[in-house]
Each structure stands twice: as C-alpha cells, then as structure tokens.
Amino acid sequence: MFCIITNNPKCYERYNAEMKVEYLSDGGYLDVLLRVQSYIHDHWCLVTHPLAGSIKPNQIPYRSVIIKDKAFDQDEYFQSCVMIENCIETYHRIMKGKPIVDWPERMLDDFQDADLSLFDGAYRNLNL
C-alpha cells in the first residue's frame, strides 16, 4: 500500500480518491517530515525524496511525500531511515534563526501549485 503525506490542500484534493492521503491541514513543512519519520519508524519506506526539487524549506511551505507500507529488504528500510534523518537535519540547518514566513494568500496558492507540479512529475514517473 502507498500513502501520501502532505500539507498541500491541492495535493490532497487531486489524489485523495486514488490512494491513501494523510493531509496535515494545519501542518508545516517540518510537520510533514516528522510524520514521514514516524511512519518510517513503523517500517514504512520512502518512495519519493522528502526534499525533491531542490526547493529549500524556507522557499516553499508545502511538501508532499509518497511512502509505502513495507520495505522490500533491510537495506531499503535503512536507507529510508538515513534519508529522513538527513532531511530533518537539513531542514533545521536551513531554518536555523529564520522565522517562518506568513505568506500572503496569493503566494500560498502559487506555492501549492509548485509543490503539486513537482509531486505530479514524481508520481507519473513511478507508474503506480
């Protein structure tokens, strides 16, 4: 089984009918990473990279990640653990000393579109 973890309402709206989506309506970028980490600690694995698109956490407040329910092997699980830990560390390093921006509504809409576009591309490449 696959699951999308997202704080992007547009991603939720587009994919909720197709697969399981955990929508963090009040969550931020870090909340998505921490929720993904929680799943990974329960032996789920990453399917898409949590920092895909080289867009830094201070540049866009939305993130959408696909995970799958069980690892094929121990190496895959270990790689997911290391990757999510590195992503959370990167988030903290980039955001250190920087305030969370209160973006205007029109910019939030653009950010949702940007995250959805990156996610759509990754989703299509997976052929799920």
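Counting cysteine pairs with sulfur atoms within 2.5 Å as disulfides, the tally here comes to zero. Before we set off, note that this is a predicted model, in which local features need pLDDT of at least 70, side-chain atom pairs count only at pLDDT 80 or more, and totals for chains, interfaces and linings use all residues. Residues are numbered from 1 along each chain as its sequence is written, and side-chain values use heavy atoms, with hydrogens and water left out.

**Stop 1: the cysteines**

Select C3 and C11. The sulfur of C11 is the closest cysteine sulfur to that of C3, but at 10 Å it is too far for a bond. C3 counts as buried because its relative accessibility is 0%; the cut-offs are under 20% relative accessible area for buried, over 50% for exposed, and partly exposed in between, using a 1.4 Å probe and protein chains only. Now add C45 and C81: C45 is in no disulfide either, and the nearest cysteine sulfur, in C81, is 7.5 Å away. C45 is also buried, with a relative accessible area of 0%.

**Stop 2: the sheet**

Switch to a cartoon view. Helices (H or I, at least four residues) and strands (E, at least two) are DSSP runs, numbered from the N terminus. Look for an open sheet of four strands in the order 2-1-4-3, with mixed pairing; strands pair if DSSP finds at least two bridges between them. Which strands stand at the edges? They are strand 2 (20-23) and strand 3 (45-46); each has a single partner strand, so one side of each is left without a neighbour in the sheet.

Next, highlight strand 1 (residues 2-6), which pairs with strand 2 in the parallel sense over four bridges. For one bridge, pick I4, whose partner in strand 2 is V21.

**Stop 3: helices across the sheet**

Show helix 2 (residues 29-41), which lies across strands 1, 2, 3 and 4 and runs at about 150 degrees to strand 1. Then show helix 4 (residues 105-126): it lies across strand 1 and strand 4, at about 30 degrees to strand 4. Axes are lines fitted to C-alpha atoms, for helices over the stretch in contact, and angles run from 0 to 180 degrees between N-to-C directions.

**Stop 4: K68**

Zoom in on K68, in strand 4 (residues 64-68). Is K68 buried or exposed? K68 counts as buried, because its relative accessibility is 8%. Its side chain makes a polar contact with the side chain of E76 at 2.7 Å. A polar contact is a pair of N or O atoms within 3.5 Å; within protein, one must be able to donate a hydrogen and the other to accept it, and residues adjacent in sequence count only if both atoms are side-chain atoms. Leaving aside neighbours within four places in sequence, K68 is in contact (heavy atoms within 4.5 Å) with M1, F2, W44, C45, V47 and E76.

**Stop 5: the aromatics**

Finally, colour the rings: the structure holds seven aromatic pairs. One of them is Y39 with W44, edge-to-face at 4.9 Å centre to centre and 80 degrees between the planes. Rings of Phe, Tyr and Trp (its six-membered ring) pair if their centres lie within 6.5 Å, with planes under 30 degrees apart counted as stacked, over 60 as edge-to-face and the rest as tilted. Both Y39 and W44 are buried.

Move to W103, in the loop between helix 3 (74-95) and helix 4. Not counting residues up to four places away in sequence, W103 touches N58, P61, L108 and F111. The ring centres of W103 and F111 are 4.9 Å apart with planes at 75 degrees, so this pair is edge-to-face. End with Y15, F119 and Y123, which form one aromatic cluster.
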